[in-house]
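Dear colleague,

Here is the structure I promised to pass on, with the sequence alongside. My notes on what turned up in it follow below.

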Amino acid sequence: MKYLPALVFCFLSFFSTAQKFQLPRAKFITGDSSIYKSPSFDDKAWKELKTGATWDSQGYDTYDGYAWYRFHFVMGSVLKKGTPILFSLGKIDDACEVYFNGTAIGKSGAFPSDKSGYISTWDKAFEFRLEPSNALIKWDEENVLCVKVYDGGGAGGIFSAIPTVNVMELIDGIIIAADPAAKKPTVTFTNTFGYNINGKYSIECINEDDASTITKTEADIALGRNQSEVVDIPEVKNNDHVSYLYSFTENSTKKSVSKHDYLPYILTPLPGDAPKINGAKVYGVRPNSPFIYKIPATGKKPLQYSAENLPQGFTINPDNGVITGKLSRSGDYTVTFVVKNALGTVKKDFTIKCGDLLALTPPMGWNS
C-alpha cells in the first residue's frame, strides 16, 4: 500500500498561570515538510482539530500517512516552581517526532524512512519533561509545540487523552519499586529529579483476610538528586494471604505516593488424607485402539487400586492404578473404580465409550 505524506498541527493561543492546563484543539493539515517544525511558520490557513480524538473521527477517515500538530501557548513565568514541567500528549497513532520551539525533544516508534524501518507505538502514551531553566522555554511569550505523526493504517493522530502541560510536584519525582517475593525482599525509593527530596517512608504488611496490619515500619529518608535507596522488607512468617503497602511522604508539602503489592497465594485447598477419586466420568476410545488410563486419585499413600466390571482383556495395576487393554466392539462399558488406603475405601462409576463418533466425550469448549 502506498502512503501519502500528511501533516497535522494543533493551534492554541492563551496565557497560562495554572499549575496544569490542557491543549484541547489543534490546527491540522495533511502532508509533510521540514518547515512545519519552525516556530515562525504561519499555520493560520490550517484546519482546526480536536485533540484526544483521532483525525479519522474528524473527517479524515480515509487518510493514512504523515501528519503534524502545532500547539501555540504562553507559559507565565509564575510557573517557575523549580520542579520540571511535564508535557503529556496522550497516545499517538502510529509513530511521532516532537519539537519544542523548533528543537527535537523526543520520538516514539519509527517512520518508514528511518534506518530501522516502520515501527508502530500506537498504544504507548508519549510524555516529556522540561526543566524551568531550559533555554527552550520562552517565559511570558508564545511557545510552539509541533508533533509530526505517521499513520501506517487505520486510525491516526493524537488520541486517548487531551494533551496537558503540568507543573510537577516534588512528590512526582519519587518512584517506588519492590520485589516482595524475592529470597531477600526489598523496596527501592528513587528520586528522579535534580533536587534533593526529604521525606518519610512506610512499609506496611497487611493480612488480606481481615485487613489487619501485621507489621509496619517507618523511617526518615533523604534522597539526593537522581539517588536511590534500597530498604529491606521485614519478613513475615505466615504469608499465605498478605500484601505490602509502601509509601513516601515528602516533608515540605506532606504529599504522598504509594505502591501496593499483592503476594501470590494458593486458593486451592490441599488434598485430604482419605482416598478420593478425581477426573472425568467418561473416556472415549476407537475400536481396536490401545486403551491406557490411570485412575486419578488422591489420599495418604499407599493407595490400592482395583476395578469392578472391567471389559474382557483389560488389566489394572493395583499399585499405580493404570488400566490397559483393547476393545474390538463399539459400545458403552460401565466400570466401577475402587481405591483404598488405611483411612477408608471410595468407589466411582466410569464409562468407557468405544465408537467412531466425532466427539465420544462431552466437549469442554467449542470453536465454530
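Tyr66 has a relative accessibility of 13%, which means that this residue counts as buried, since the cut-off is under 20%. Please keep in mind throughout that this is a predicted model. The ring partner of Tyr66 is Phe111, and the two form an edge-to-face aromatic pair with 5.5 Å from centre to centre and 70° between the planes. Phe111 is buried as well, with a relative accessible area of 2%. The pair links distant parts of the chain, for Tyr66 sits in strand β5 (residues 65-75) while Phe111 belongs to the loop between β8 (103-108) and β9 (125-130), 45 residues apart.

A second aromatic pair involving strand β5 is that of Phe73 and Phe87, which is tilted, with 6.4 Å between the centres and 45° between the planes. Phe73 lies in β5 and Phe87 in strand β6 (residues 85-93), so this pair ties together parts of the chain that are 14 residues apart in sequence. Phe73 and Phe87 are both buried, and they belong to one aromatic cluster together with Phe21, Phe100, Phe126 and Phe128. In the whole structure, the search finds 28 aromatic pairs.

Next comes a lysine that you may want to look at on screen. Lys27, in strand β3 (residues 25-30), has a relative accessibility of 13% and therefore counts as buried. What does the side chain of Lys27 reach at 2.9 Å? One partner is the backbone oxygen of Lys44, at 2.9 Å, and another is the backbone oxygen of Trp46, also reached at 2.9 Å. As for the backbone in this region, the C-alpha atoms of Lys27 and Ala45 are 8.6 Å apart in space, with their positions 18 residues apart in sequence.

Further along the chain, four strands form an open sheet in the order β21-β28-β27-β24, and the pairing within this sheet is mixed. The edges are taken by β21 (282-285) and β24 (304-308), each of which has a single partner strand, so one side of each is left without a neighbour in the sheet. From one strand to the next, the twist averages 30°. The partner of β24 is strand β27 (residues 331-341), to which five bridges join β24, and the two strands run antiparallel. Within that pairing, Ser306 stands opposite Val338 in β27.

Turning to the chain as a whole, the secondary structure comes to 28 strands and zero helices. Its radius of gyration is 33 Å, well over the 21 Å that the globule rule gives for 368 residues, so the chain is more spread out than a compact globule. Taken along the principal axes, the box filled by the C-alpha atoms is roughly 95 × 60 × 35 Å. Of the 368 residues, 40% count as buried. Among the contacts with a separation of 6 or more, 70% come from residues that are 24 or more positions apart.

Some points of backbone geometry remain. Most residues other than glycine have a negative phi, and most peptide bonds are trans, which is why the exceptions are set out here.

- The peptide bond from Asp93 to Asp94 is cis, with omega near 10°, and Asp94 is placed in the loop between β6 and β7 (95-100).
- The peptide bond from Lys301 to Pro302 is cis too, with omega near 5°, and Pro302 lies in the loop between β23 (297-298) and β24.
- Ser160, although not a glycine, has a positive phi of about 80°; Ser160 is found in the loop between β11 (157-159) and β12 (164-167), where its relative accessibility of 46% makes it partly exposed.
- Ala211 is likewise not a glycine and has a positive phi of about 60°; Ala211 lies in the loop between β15 (197-207) and β16 (212-223), and with a relative accessible area of 64% this residue is exposed.

With best wishes

Conventions. Residues are numbered from 1 along each chain as its sequence is written. Side-chain values use heavy atoms; hydrogens and water are left out. Rings of Phe, Tyr and Trp (its six-membered ring) pair if their centres lie within 6.5 Å; planes under 30 degrees apart count as stacked, over 60 as edge-to-face and the rest as tilted. Buried means under 20% relative accessible area, exposed over 50%, partly exposed in between (1.4 Å probe, protein chains only). A polar contact is a pair of N or O atoms within 3.5 Å; within protein, one must be able to donate a hydrogen and the other to accept it, and residues adjacent in sequence count only if both atoms are side-chain atoms. Two strands pair if DSSP finds at least two bridges between them. Axes are lines fitted to C-alpha atoms, for helices over the stretch in contact, and angles run from 0 to 180 degrees between N-to-C directions. The radius of gyration is taken over C-alpha atoms; the globule rule is 2.2 Å times the number of residues to the power 0.38. Contact means heavy atoms within 4.5 Å.
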